[in-house]
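Please look at the complex shown here and follow how its ligands and metal ions are held. The briefing is arranged by site, so that each can be found in the structure as you read.

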Amino acid sequence: MSLLRTENVIMQFGGVVAVNDLNIDIKKGELAALIGPNGAGKTTAFNVITGVYTPTNGKVFFTPTDKTDNAAEIDITGKKPDKIAGLGIARTFQNIRLFKELTVLENVLVATHVNANYSFLSAILRAPKAKKGERQAKADCEFLLERLGLIDLKNEKASSLPYGQQRHLEIARALATKPQLLLLDEPAAGMNPQETDELTALIFKLKTDFDLTIFMIEHHMDLVMEISDHIYVLDFGCTIAKGTPDEVQNDPKVIEAYLGVDADVED
Amino acid sequence: MKETQNNIGAYLKLHWKTAVFLVVLLIGIGLADNFVDSYVRRLLNLCAIYVIVSLAMNLVNGFTGQFSLGQAGFMAIGAYTVAVFTVPIESRAAIFYLEPMVPFLANIELPFIVALILGGLASAVAAFFIGSPCLRLRGDYLAIATLGFSEIIRIIFTNTQSITNGALGIKSIPTISSLWWTYGIAIIIIIATILLINSTYGRAFKSIREDEIAAEAMGVALFKTKMTSFLIGAFFTGIGGGLFAALLGTVDPKQFYFILTYNFLLIIVLGGMGSISGTIIASFVVTLGQEALRFLDEPMAFGLDLPIFRPGLRMVVFSFLLMVIVLFYRKGLMGTNELTWDFIAEKYRVIKKKLSKKKTSTEGGGN
Amino acid sequence: AGCSGGTTTSSEDSDVIKIGVFEPLTGANAAGGELEVEGVELANQLRPEVLGKKVELVIADNKSDKAEATTAAARLIEKDKVVAILGSWGSSLSIAAGDVVKTNQIPAVALSATNPQVTAGNDYYFRVCFLDPFQGTVMANYAYKNLNAKKVAIIQEVSNDYSVGLAKFFTDSFVQLSGDPNAIVATGNYNTNDQDFNGILTNIKASNPDVIFAPGNFTESALIIKQARALGITAPFIGGDTWETNEFITVGGADVEGAVMSTFFDDTNPLTEAGKTFVAEYKKTYPDRDNIAAVTALGYDGYMMTLDAIERAGSADPVAIRDALAKTADFEGATGMITIDENGDATKNEAIIKTVKDGIFTYLDSVTID
Amino acid sequence: MLKISNLQVAYGGIEAVKGIDLEVPEGKIVTLIGANGAGKSTTLRAIVNLVKSKAGSITYHGDELLGLDTTKVVDKGITLVPEGRHVFPDLTVLENLKIGAYMRKDNLDEDIQRIYGLFPRLEERSWQHAGTLSGGEQQMLAVGRAMMSRPKLLMMDEPSLGLAPLIVQGIFDIIETLNKEGMTILLIEQNANMALRVADYAYVLETGKITKEGSGKELLADESIKEAYLGKSHRNK
Amino acid sequence: MTMETFLQQLINGLSVGSLYALIAIGYTMVYGILRLINFAHGDIFMMAAYFTYFGIAVFVLPWYVTFIITIGLTMLLGVTIERVAYRPLREAPKTSLLISAIGVSFLLENVATYLFSGKPQAFPEFPLMTTPFFIGGLSFQPVSIVIPIVAFVLMSALLFIINKTKVGMAMRAVAVDYDTAKLMGIKINGVISSTFAIGSALAAVGAILWCMKYPSVLPLMGVVPGLKCFIAAVIGGIGNVKGAVLGGLILGFSEVLMVAFFPALTGYRDAIAFVILIIILLFLPNGLLGKKHVEKV
Ligand SMILES: Nc1ncnc2c1ncn2[C@@H]1O[C@H](COP(=O)(O)OP(=O)(O)OP(=O)(O)O)[C@@H](O)[C@H]1O
Ligand SMILES: Nc1ncnc2c1ncn2[C@@H]1O[C@H](COP(=O)(O)OP(=O)(O)OP(=O)(O)O)[C@@H](O)[C@H]1O
Ligand SMILES: [Mg+2]
Ligand SMILES: [Mg+2]
């Protein structure tokens, strides 16, 4: 069953067509990757999916599973980012965007807001429902921090963390919205190969543990080729290839536009 | 039943210091209410009103990160609502002697508390109209738009003579002088703000302050959340304005010149943007300080006949202090910290340590 | 309680009597406030004692701001323990302090506050000047009778209660005098501190009035007259007592020549003996000043009338002073004979008309209304 | 050419660089590798005085740089491509390039053409505001901009960050070309593998201290380096 | 309304509008470089008026000497304010800077009140500039014709500096990123100081012309023009010099035309600026000529 689907999405900025006729179809439970040269429109595609931009043309559909295990396709084109987050799509950012002055724990707690099922007044009056909700949220968040190895830092300011841990925190925060689909924009940027390997393992583990579908932008080819089920390749906004890692890796168009003729990733 | 008792018991155990503090505070207010003279009482009342308005301003500016300068306007709305609805009907003809009050208002007189809440609501409604276009904008535009809004309110109140009595203002507003009104409401508002800030809604406010795009991506509805904060701020400010009217017993548009907003700005900057306890402390410091600095305006201050002591010096000193705080104590008294028991204990430890260090070093020097 | 030292006693028991001077010394009304304080201080120099006790003035700045005004008044009463208060320039400031003096039962004497609201419904507020309705009538009479005006344009400072009130009383009285309900051919509103009036003046020019009545703050009024002349408007300008300040002439320059205003006092024609004494004393203290502002004379009168009341009361008890003030009759002030009526207002039936001639406020006429 | 001795830098209480010694000989490529937060960027920022150093000395051709204004340092022919690109978002691509040559008074056309030759994408977008470029495009612009000042010493802070493999290759090619033309280069890279290959000499920085140094080849062969920085693909070999 | 009255109103609108424009340019200039609403701009304007007043009326200097001194002193004042109140906050959050600007404005007003008293001073007369001449029934003051010309000339000069010169490019670069600008070899303090110097010089020219037309000098005289001209700058698109001029003219004309067509509403004149502001922001959040602010995510 497809979880996320785009139909002929076009995103244009003035004269620049950043995304041109994008058709992707991500199945539930898979790990898909989006690769392509710089400026190919990958981040823009994420921005369209998460509602930061409304596409010039085309549609985006999302099929979340609700509590009763029913799944119905919803047109999320042009919906606000917070609505989309509420439906179950979470993301990280290419340039880290944490709430710098808040603590690590607070950063993650903010993301539970979208699922808070108690009203404003009961929150202020600390009604039993709100109290229970808060306790639950805190427990959830601490669990997530534990998983991402940040629990000892929970009372530190986010801005005081080293870069790598900030990336982890971004992932923890995204997970706290209880997403069904997680979008990762270059999670391994700025990491050395060793750190990248660790991250690869982590992503893989999170995917199974949290029953996630993941859609990821990455330039580290070893990571991409190792863990993705499906790869989409963009160039100048157009999809120049899609398929399994093997197919894509050997596609001459991809090699020419992106990987480079002598790019031997396993070198 | 038993469980609730247990709950209360556990709660008290955890917060006994706070409980004791509250009891002491209430007794203090009660004593003050009975024993201070009307000058001190007036100042104390003013402090409480400043606490309310500054807290509201800090909620929007400090916690939600929306730079709003509309306090004077929101206060004006609250103040005028109280004025229009509580002035005794029989004195209205004498007050509106140039142009009579419009008939549909002329015969409505409401109890103070009803008018006060109405004032808060009216100011929240105004906030909705100003916020709808402006909260979508970048920060500094909001500042100028809200400043403009408060000027518009003042100009409207100046010109709608048959409702507000225009430039003549409204007098004979039944006054409150008991400290319980202002302090009662201030305490309620402080507690409500603390509870709000520490709830998931409060965290949503702060996340917007930190990074709007990330907040939205994490599911915080930007506009709705900003609006919530803005409306609550306006509501509290309106209440503050209503109390202000009832404290002075008279209102006129000139009182709500946008310079008034600067007082509150000074308070939240001094107290620390994003600190509730800082705001409360600073409200007292600024209100009482302004009064205490009065001697600067009088010739012969300190018994010296220096020509520098003449009217106007106080405001110079006052604005100079604002600059000093902004430039050298940017975080204000409290930064974004709160004056919690832990905080006090921590400070106490630090000071003690410093003192003992000094002691040993002086001792060392003596040897 | 609450006062530092703990030895403060009401000044009625000590050997000084404290009188509060409650005036704007900063802010928009500062110029007026200063002039009144001068008058009060002059009077205090001349008569520093009453009932054998020294009179001490306590000056409080109300900053031209109502919130400050109430605090300043409360401070005078509670902290400085004054037995009476003089002031303030600007009716709205006096009105703001009204409740404070009333609840604390301390009598107050307004000096130049002409708004009826100052004393209305307040047994503790008195005044030594005439009221806006009177002044409005005076100017309407002057316009109608002396200037033969049929059509008048009005420019009022909407944010100024004084200006709005005076404009209204003028209108009522002029319409009545002329019998023409359409006698007011144009009205322009402006706000305090505005500087550009060309828009409203162009409208007024089109309505071609015989006279323009423009009560309001002196700076704005001077600018209005300047701009009117630049637009080619030749109709005479008339206004109220606030015009009578040096700034009106320095800012207005040649253009305000011939402007006419009503006022309380004229130093070249003192109406009373007390007036002569005041003028002589003033000239001695400020030898280099050309003319004396009417509000200074009123400041003088306010002080003298209060001391007179204290003497008649025979005590510095505020309530006794209040009762004595209320009974003031035929008190000879510098600005004329003062009798306090049942509202606490000075009954005066004569106003002075002045004009600007060669850069000096010059006596033109006096108008009596019955 | 550049000699650093006992450099110490702290941010408030955090000591980021704890006394390092390092040398960049004229005409060589020197690289600095190390984990996140090791203090690499801090070192470069200290050289151009964008952060204040606590102690130590940095000499350039024998002249002390410590405490010298950033503009003065730049004036001596040292340029930094900052971490995270930092192009001027409201200036166009072309203006960004021109401002790179702010200190120069001569004709810029030739240099601009050369950069357009290296990065054709920039020529296509020469009128676009740099703020709207994609991450990789901005990185190209940042490198191009630094080249515009014709520095004698070019310092690059993770120039390959976020770049597509093809472009990464291109960047390293450019680094080698520039070096051949006589430019001295100090390079920070996470892509240690590539960096060590082009470098004449390399330093490994760990939590503010230099723990290893040697020629690029030596370090490439070093087991512990392989272990820590080169990833499992290399370990397996 | 007669044609004559209408034309006269248009003339009125043009002269107020160009005055607004002149001051608005200064706001836009500083905002464009420092991303700071220089709340003190109106008060710098006020101080310039006092400088001129003192030069001519008190120290009896010839007018041309006074003008030069005024412009010089005002530039110095602007540069000093930047140095003392804004430079230490370079690294601080935007809000601190904004509050500091409000603080400076408040301080200048209070200091002026304290030193010069709240009383207005009469600005010296310039009969050559103010003596009206009449064409038909229309009155013209020479100064009202000089103002738009000066505004236009200064606008063009500024546009040239910002867009065509190296310093201008440096100014735009400094606007966003101090550290990187330094890396380019730009002396950012110098660039920012010159921005303030130019902005203050514009305020000084504005003040001189303003006072020729409205010859009273007061400590609070800068407040309302300051606010309105900032609004003019926002209406036109803040940071955009042409926009500031356009905004100033729109504001001037709307004020005067409202007075002309709705005489009963003249009391609301000061509100119109804010009403226009809110309407414009509602439909064109970046003002008329402002470029769209994009934040790349
Ligand atoms: N807001 C915008 N306005 C104008 N152009 C834009 C905007 N956002 C993106 N673009 C353009 O769209 C194209 C795609 O940008 P995008 O950020 O999606 O690239 P990307 O594939 O994520 O590249 P990278 O790998 O370098 O991050 C680029 O050419 C960029 O300049
Ligand atoms: N502005 C700052 N304030 C406080 N601490 C900082 C600041 N900048 C860097 N640090 C800290 O200094 C240390 C060194 O940082 P630096 O940026 O030099 O590392 P790096 O080696 O360049 O790492 P990366 O590979 O992530 O770029 C880190 O612990 C970092 O958290
Ligand atoms: Mg991208
Ligand atoms: Mg780094």
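What follows takes up the confidence of the model, then the two ligand sites, and then the two magnesium ions.

This is a predicted model, and the predictor gives the complex an ipTM of 0.85 together with a pTM of 0.87. Ligand 1 is surrounded by residues from chains A, D and E, so its site is shared between chains; the site of ligand 2 is likewise shared, because the residues around ligand 2 come from chains A and D.

**Confidence in chain E**

- Chain E has a mean pLDDT of 88, and 98% of its residues reach 70 or more.
- Among the elements of chain E, the highest mean pLDDT, 95, belongs to helix α3 (residues 63–86) of chain E, while the lowest, 84, belongs to helix α5 (residues 127–130) of chain E.
- As a general caution, predicted coordinates should not be read in detail where pLDDT is low.

**The site of ligand 1**

- There are 22 residues around ligand 1, and those that come nearest are A:T43, A:T44, D:R125, D:T132 and D:G136.
- Chain A takes part through its backbone, since a polar backbone atom of A:K42 lies 2.7 Å from an oxygen atom of ligand 1.
- Chain D takes part through side chains: a polar side-chain atom of D:R125 is 2.7 Å from an oxygen atom of ligand 1, and a polar side-chain atom of D:Q128 is 3.1 Å from an oxygen atom of ligand 1.
- Of the 630 Å² of accessible area that ligand 1 has on its own, the protein covers 96%.
- The elements that give two or more residues to the shell around ligand 1 are α1 of chain A and α6 (135–148) of chain D.
- By class, the shell around ligand 1 divides into twelve polar, five nonpolar and five charged residues.

**The site of ligand 2**

- Ligand 2 is surrounded by 15 residues, of which the closest are D:G37, D:K40, D:S41, D:T42 and D:E83.
- A polar backbone atom of D:G39 lies 2.8 Å from an oxygen atom of ligand 2, and polar side-chain atoms also approach oxygen atoms of ligand 2, with D:T42 at 2.3 Å and D:Q190 at 2.8 Å.
- The protein covers 71% of the 630 Å² of accessible area that ligand 2 has on its own.
- Two elements of chain D, β2 (14–24) and α1 (40–47), give two or more residues to the shell around ligand 2, and α1(D) gives the most, with three residues.
- The shell around ligand 2 holds six nonpolar, six polar and three charged residues.

**The magnesium ions**

- The magnesium ion that is ligand 3 has A:T43 (OG1) and A:Q94 (OE1) as its protein donors, at 1.9 to 2.2 Å.
- Because A:T43 lies in helix α1 (residues 42–49) of chain A and A:Q94 in the loop between β7 (89–91) and α3 (104–110) of chain A, this pair ties together parts that are 51 residues apart in sequence.
- A:T43 is buried, with a relative accessible area of 10%, and A:Q94 is buried too, at 11%.
- The magnesium ion that is ligand 4 is coordinated by D:S41 (OG) and D:E83 (OE), at 1.8 to 2.4 Å.
- D:S41 belongs to helix α1 of chain D and D:E83 to the loop between β6 (78–81) and α3 (93–100) of chain D, so the pair ties together parts that are 42 residues apart in sequence.
- D:S41 counts as buried at 12% relative accessibility, whereas D:E83 counts as partly exposed at 37%.

Definitions and conventions
Residues numbered from 1 in each chain as written. Chains lettered and ligands numbered in written order. Predicted model: local features only at pLDDT ≥ 70, side-chain atom pairs only at ≥ 80, totals over all residues. Heavy atoms only, no water. Near = heavy atom within 4 Å. Polar contact = N/O pair within 3.5 Å; in protein donor to acceptor, adjacent residues only side chain to side chain. Areas by Shrake-Rupley, 256 points an atom, 1.4 Å probe, with all protein chains shown as cover. Helix = DSSP H or I, 4+ residues; strand = E, 2+ residues; numbered from the N terminus. Nonpolar A, V, L, I, M, F, W, Y, C, P; charged D, E, K, R; others polar. Donors = N, O, S within 2.8 Å, 3.2 Å for Na, K, Ca; no water. Buried < 20%, exposed > 50% of the residue type's maximum accessible area, 1.4 Å probe, protein only. pLDDT = per-residue confidence, 0-100.
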